[in-house]
Amino acid sequence: MSTLTLRAAPPERLDLLNINPLALSRLSQGEAERLEIGTTRTGVRLGDCFAVALDRSDTLTIEGGHERLDRVGASLSEGTIRVAGDVGQRLGAGMAGGSLIVAGNAGPYAATGATGGTITVEGDAGDHAGGAVYAAKAGLDGATLIIRGAAGAHLGDRMRRGTIVAGRAGAFAGSRMIAGTLAALAVGDHPGFGMRRGTLLVGTHGRMSPTFVETGTHDLVFLRLLATALRSLSAEHADLLGKPLRRYSGDLATIAKGEIWVAA
Amino acid sequence: MAAWVKGGATDAGTAIEAAASLLAKARAPVIAGLSADVAAIRAAYDLAGRIGASVDTAGSAGTYAELGSLSRVGALTSTPAEAVGRADVVLVVGAAPWQAPILKRLIDAKPSRGRAAGSERALLAVGANATASLSWPAEGGLTEAVGVLRAHARGHLAGDDLPGQIAARLAAAQYGVLLYDAAELGEVGVEMLQGLAMELSETTRCFTLAVGGTGQDRAVVPVSAWLTGQAPRSGFGRRVPEHDPWRFDAARQVAAGEVDAVLWLGAVPVSRPDWLSRVPSVALVADGEAQAAEVVIAVGQPGRDHGGVLWNEQRAALTFWPASAPSDLPSAASVLGALKERLVTGQAASRSEPAC
């Protein structure tokens, strides 16, 4: 297990796009320490901020996180990255495979554009988790995002594929959703605002937009399949499906093929 | 030339020297405001590129609400002249547009061109009302209200309640205009409003028109696009322009303690944010006052002290404004140029001290 140990709070935002087990496995100690991770003209390198210990394995541990560590595990395609603390924006952005586990909190845009693999945030996530960044076509795009704590506003904004499981979420959860599945124990106001397709499963919710219409209570085979799929990620979320569920269809402002399942 | 360093009046050379030394030692400087003529905005991007600064504008909340929506769904827009000349139905979305100068022009005149020429102009309102003939308070919030109108326009909701009536009036219009303020409506709301205009344009003509805009943001957007290929909030820390609306949000950067120097460019007067006093700052402002920043240099106001290309709200274009009261105050562009010269010869960027 390779380890990067943060020596002190970073003096600037750091970009860890190029720091993953596969890249480090091909580098010598010196080469790894010279990797550019700074975002200002001072040219901060990996060895400036981290004590580097490499063993060429497919697992990388980052000891000591900070909210200034951006793009941790971005574009990860294989292997595992564990972070013992917090991370900054765009955790696992564009990730294609592998596993990413953050013990602390994540900044905004976690898992944006991620097409595969599993991203787990044990703490809270910022706004736009699983959401699209500026000018991107889609947010989460096939990966699995698990947020044990609370997510901010716009969770799963414009997500296109994949699954998001969150404890609590802020306003506009699943806004402008293109497709995919989002499950949360509680969401804020206006869940699914502007969604086209996709499935939201929520325990409780804030204000529901009038552009969602209640379509009754259903017992569908799909819901049991969903429960089986969710149980491996979070039993608590799977249990939501054991209760009678009210179904809302919307958003009527768009093509209205989305649905929100609310556990009564 | 009026200039102040730490509140004390001084001459131009000393102030530029003080500003240069403040910026030269900064790890992550920010050039903010950008409320100025095109020449000064260009000079600001040039300086940012030389010192690895990031750039943010005075009205970026509204600007990014519009750009975010534009980048995803496009936009159906009109100009003030077209709206005044052709619109027979105007929907005022929210409270802010009621304060815009264009509203008086819309109220005072009837449409004079196109198919609606000579007919009465109906003013509808959602969210807030002053003199509209049909008004919907929309207690659920503006964003939600726009969604409801769009659902009516699509035919997914029906009824003769207020939103139903407003949607019907817009659908029956020859030339509808949706007047909004992007900062008030937010990105999701603007995107929904564009969707409403697009639904209505299936059967009639309907366009959006954004009012307001803080500072010279509407000039900064095209200038940054032609200089960097990106939207305004770009950073040059890694020498190439990187666009990141979240990372280069100046207010966020100051709150997170990531900034160690700010250059505020306000040659066209614009209100200064309160975070400016929390970081070492240089202010190039037309309304020069000693307390505005650590280093203050009074510059000419384009269109008053010297000529300059500014955003023309009425014509919705960049136009040249000659000096209305020429003075010997330096232009912001020339001060930024002098700063750049000073910083280029003074050698910035080094790894002399430990980076971490």
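## Close-up views of a predicted two-chain model

**View 1. A:His190 is a buried residue of chain A with 27 other C-beta atoms within 10 Å.** This is a predicted model, and our tour starts at a residue with a backbone surprise. A:His190 is not a glycine, yet its phi is positive, at about 50 degrees. Look for A:His190 in the loop between β11 (181-186) and β12 (199-204) of chain A. Most residues other than glycine have a negative phi.

**View 2. A:Ala111 also has a positive phi, about 65 degrees, although it is not a glycine.** You will find A:Ala111 in the loop that runs between β7 (99-102) and β8 (118-121) of chain A. Is A:Ala111 buried or exposed? With 36 other C-beta atoms within 10 Å, A:Ala111 is buried, because 20 or more are enough to count as such.

**View 3. A cis peptide bond links A:Gly250 to A:Asp251.** The omega angle here is about -5 degrees. A:Asp251 belongs to the loop between β14 (245-250) and β15 (258-263) of chain A. Most peptide bonds are trans.

**View 4. B:Val211 sits in the loop between β9 (205-210) and α9 (217-228) of chain B.** Which residues does B:Val211 contact, leaving aside its neighbours within four places in sequence? They are B:Ala96, B:Pro97, B:Ala100, B:Ile102, B:Leu179 and B:Asp181. One of these partners, B:Ile102, is 109 residues away from B:Val211 in sequence, while their C-alpha atoms are 8.0 Å apart in space. B:Val211 is buried, as 23 other C-beta atoms lie within 10 Å.

**View 5. Helix α11 (residues 332-345) of chain B has the span expected for its 14 residues.** At 1.5 Å a residue the helix should span 20 Å, and its end C-alpha atoms are indeed 20 Å apart, so the two values agree. Buried residues of α11(B) are B:Ala332, B:Ala333, B:Val335, B:Leu336, B:Leu339 and B:Lys340. They cover an arc of only 160 degrees around the axis, so they lie on the same side of α11(B). What do the buried residues of α11(B) pack against? Their partners in chain B are the helices α1 (12-24) and α2 (38-51), together with the strands β12 (261-266), β13 (281-285) and β14 (295-298).

**View 6. Chains A and B meet in a contact with 32 residues from chain A and 26 residues from chain B.** On the side of chain A that touches chain B, the classes are 14 nonpolar, 11 polar and seven charged residues.

How values were computed:
Residues numbered from 1 in each chain as written. Chains lettered and ligands numbered in written order. Predicted model: local features only at pLDDT ≥ 70, side-chain atom pairs only at ≥ 80, totals over all residues. Contact = placed C-beta atoms within 7 Å. Nonpolar A, V, L, I, M, F, W, Y, C, P; charged D, E, K, R; others polar. Helix = DSSP H or I, 4+ residues; strand = E, 2+ residues; numbered from the N terminus. Buried ≥ 20, exposed ≤ 12 C-beta atoms within 10 Å, placed from the backbone. Expected span 1.5 Å × (residues − 1). Arc of directions from axis to C-beta.
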